[in-house]
Amino acid sequence: MLPILAWLVLLPVIGAAVVAVIPAQRRELLLPVGVGVSMAPLGVAGYLLWQFQTGPEFQFGSDVTLSSALDIGWRVAVDGISLFLIVLTALLFPIAIAASRSVTERLKAYLVLMLILEAGVLGVFIALDLLLFFAFFEIVLVPMFLLIRLWGSENRAYASIKFVLFTAAGSAFLLASIVALAVITGDAVGSFTSFDFRDMLAFEISETAQLWLFLGFAIAFAIKVPLFPFHTWLPDAHTEAPTAGSVILAGVLLKMGTYGLIRFNMTLFPQATVDLGFWLALLGVIGIIYGAAVAIVQPDVKRLVAYSSVSHMGFIILGMFALTSQALEGSVFQMISHGLTTGALFLLIGMIYDRTHTRKIADYGGLASVMPVYAGIFLFSAFASAGLPGLSGFIGEFTVLVGSWLTYPALAVIAGGGVILAAIYLLWAYERMFTGPTNPKLSGLSDLGLREISIMVPLVVLIVVLGVYPKPVLDRIEPSTDIILDRIERVTGYEPAEFGRADEVVEPEYGVIEHGGDESGSEGGD
Amino acid sequence: MENAAFLPVAFEVVLLAGALIVLLVAVVAGRDRRFWGPVAGLAFAAAGAVGFLQFQEVLNGDGPGLYFSSMDLTITRSPMVVMDGYSAFAAIVLGVVGFVGLLAAWDLVVAVGRRGPEFVSLALLAVAGLHMMAASPNLVVIFLGLETASIAFYVLAGFARRETGSEESALKYFLLGSLASALFLYGVALSFGATGSLTIYGANSIRDFFSTDIITEPGILLAGMALMLLGLSFKVSAAPFHQWAPDVYQGAPSGAVGLMAAGVKVAGFAAIGRIFVGGFVSQIDTWAPIIAVIAALSMIIGTVLALVQSDLKRLLAYSGVAHAGYILTGLVAGIDGIPAMWFYVATYSLMVIGAFAVISVVEGPASGAAPLESFRGLARRNGELGWIMAILMLGMSGMPFFAGFVGKLLAFVAAASVDNPWPDGSNGYLWLVVIGTLTTVIGLAFYLRVIATMFRDDGPESEVQAGLAARFAIVISAVTTVVFGIVPFPLLDVVRDALPL
């Protein structure tokens, strides 16, 4: 029996194989089976959520050395940060696949690629071996490229190659940095190389090395996030991608960047984090304002939401590098919340696009009287995205603002303007699309059907639940973020503002709880 | 002759015997491929098996050894053959490359009709020569192997005589190739002048010389090493000695290019490793920077020029230049880079054969040019072929979970680990690693372009059907690319033993 986290990655791959063998005559089975097999990882994620013990330790770990010469291993575990990203990923994939009714050509290849993509993303969030992490981080590009290239809209050739080249350019620095770090770590622990995350925490990396490695990692992740000024690939990719592609891209792929920044940059290079933190926070704030300002003037609703992502991701970056307990916690929470709200908006845009085949805001008008249910859910999602109190977006952005106020009051004030701008671009878009006289071309449109509503329900429910009662989530995130801050404070002597200090973390530091006899070691899996 | 033994030369003997039997059987049985075809396949398979036996013998038997020492009193006891993990692994790889390459070329063998036996026996002779480059400690014998293989390949490049492109390709290959061979030979002569030895191991060898003597005026030695490196860089098509490759690849019959490209790369790198990491190991501070520069140039030039190609064969030729650069990147680490080199060469050679086999299926085995346009919508015309070609392209591009990534990673790790690049940063080859990772990204652009072209909706409608032999070759190459990408660890352990004496 393989350890539980191996199943998390293997199940989508097995699912892809199952979909691949469905004969061509039974095409009608493809989509239901695709949704069904993509639910399997959700089951695993639910089990992880159920069994997770609140605390800073990595859990469900397994450690199987794959190559003793290079010290590469199947080293995986989950902590409070990755736990919710895994749940988010496992949740969004079945929803995105279920929303793919409009894909008619090459449906089998589409589903196979989606499931491989799911395996890759889940792998990113569990890997504690840097090579394993890189492998998953990079392989995600291939299915995403093909999804945009083969099922995207008019300008897909340009958008898909731009997406790949931008993100892969970052990966080039990431791989070079990982190789260098592995060699340094190997020297420190007395082997040729080591890609083990725990080995890297066991010694102190010199300050020069920290600086360069931090930059190498940060470029890769900043492009993925995307942080201003590396964001230009995002509007194109989002706009041209098929609906499910946009949902996954905004919902979980961008989080790979922010997750990487927290997991690797902040944890491995504490001195460089303190030294360079302000500049990243500044870029984050520029992104907040820039993304929001550009979103206001977009004539294309999908592009508008894409730019709003740039703005929202800025909050996550600001929250991280403010280096206070509240802001970092809020930043992780905002990752989850952004995945839900932006995912919901992209799904809604996909649903209306399937009916009208236009994304231009000017082509709409007065939709609320034609599709009242749709309008209601859209307004709800827009409010959630803009951070209306009581919905999940508020919790994330508010804690980030409070936390970063302690460190960078000026940046926090400017970032607060982003919340106002968000209300402007979302509500103005709502006004133009849904109110006023009904565009006669739209009069015959059918409102959302049962299938479409049931796709939206899980997201809507979660947005409300997380907005009203975020405590269970925050409680589980906090120990894992505090241990990172605590390490930064101890190693560098950095003093955060009085209320922003992380709770002292009790030993064992970065313990990995082995789960249910995973020591057999004979199977690598993946 | 002393310490003569059969096993160390069994690879060459089997292939030469195979070549002769093919020719004899063809005389007796005439055109009937059923008689001489299996002989050639069996010869390659047996040669690969010999490689396994040699590897077993080296690891578990008597260990590595030198054989066929000469009794000449002036140059005492100069061994002609070496059997070590290095030569044995080369034998395994070349046996497999020969076998799969022959499968990929089978359509061409069929197409050339009566000249089929000639084609097959030339291929057998060429691979025998290639292995001599990896398995001899004597620079002159290495040269003989180089020429045996090169001359056979000149003929193979021109085998589709009716096509002018093929003729042009053969002539170009011949003229530039013989220049490179001559430069290599001149390098051998100069190094003999500087060290007084032609042999790498044993008494009075080059290694011997460096361990006892100090060269005060290294000019001749430098020129000798530089010329040998230049000649071999030409053979593996490393920049700036790569200009022949695109023309030759494009003009030569598609069916034959895979075997040529893969075989020469395997043996060329084997010879570079043998001569420089084996023989001139003490001079590593001299030659490693030169190899680093050649590697950087190859990666940059190969990648950038591949971007603008509209012909798939030329594109693969330029990507081959870049791959030569990645392999050389590993070799700057000396002996630590040898496992990386072997892993890369072994997996890349099969990818190349597979890719050219696909081209041969789509364009016809004797075809010259292979415009990218004719691969439009390939996935729709033949799904299997489209997906497999996509796998091969991803493998070459160095995507994780495909074999190309592991090879690149090993090469980068080897280069980065030279003299602990951190924290002083001055004496490592981290800059080379950064160039390598960046060109890998740029390379993605053209590999993905090929994939995107194949998955387009438009394009020719004609059905594409692969013959059984070609299908075997293509499937083998794709399966190895995926398997060694996901579970590279058994092969990793093997290449760690494939070291020169």
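**Figure 1. Long-range contacts in chain A.** In this predicted model, 81% of the chain A contacts with a separation of 6 or more join residues 24 or more positions apart. Chain A holds 20 helices and three strands. Of its 526 residues, 65% are buried.

**Figure 2. Overall dimensions of chain A.** The radius of gyration of chain A is 22 Å. A compact globule of 526 residues would have a value near 24 Å, so the two agree. Along the principal axes, the C-alpha atoms fill a box of roughly 75 × 60 × 40 Å.

**Figure 3. Surface and charge of chain A.** The exposed area of chain A is about 16,700 Å². Carbon and sulfur atoms supply 66% of that area. Negative side chains number 42 and positive ones 26. The centres of these two sets lie 15 Å apart.

**Figure 4. Helix α10 of chain A, a mostly covered element.** The helix spans residues 233-240. Eight of its eight residues are buried. At the start of the helix sit A:Trp233, A:Leu234 and A:Pro235, each buried. A:Asp236 and A:Glu240 are buried as well. So are A:Ala237, A:His238 and A:Thr239.

**Figure 5. Packing partners of α10 in chain A.** Which helices do the buried residues of α10(A) pack against? Among the partners are α6 (141-151), α7 (156-189) and α9 (207-224) of chain A. The buried residues of α10(A) also pack against α11 (243-268), α13 (301-321) and α14 (325-356).

Key: Residues numbered from 1 in each chain as written. Chains lettered and ligands numbered in written order. Predicted model: local features only at pLDDT ≥ 70, side-chain atom pairs only at ≥ 80, totals over all residues. Heavy atoms only, no water. Helix = DSSP H or I, 4+ residues; strand = E, 2+ residues; numbered from the N terminus. Rg over C-alpha atoms; globule rule 2.2 N^0.38 Å. Buried < 20%, exposed > 50% of the residue type's maximum accessible area, 1.4 Å probe, protein only. Contact = heavy atoms within 4.5 Å. Areas by Shrake-Rupley, 256 points an atom, 1.4 Å probe, with all protein chains shown as cover. Lys, Arg positive; Asp, Glu negative; His and termini not counted. Charge placed at Lys NZ, Arg CZ, Asp CG, Glu CD.
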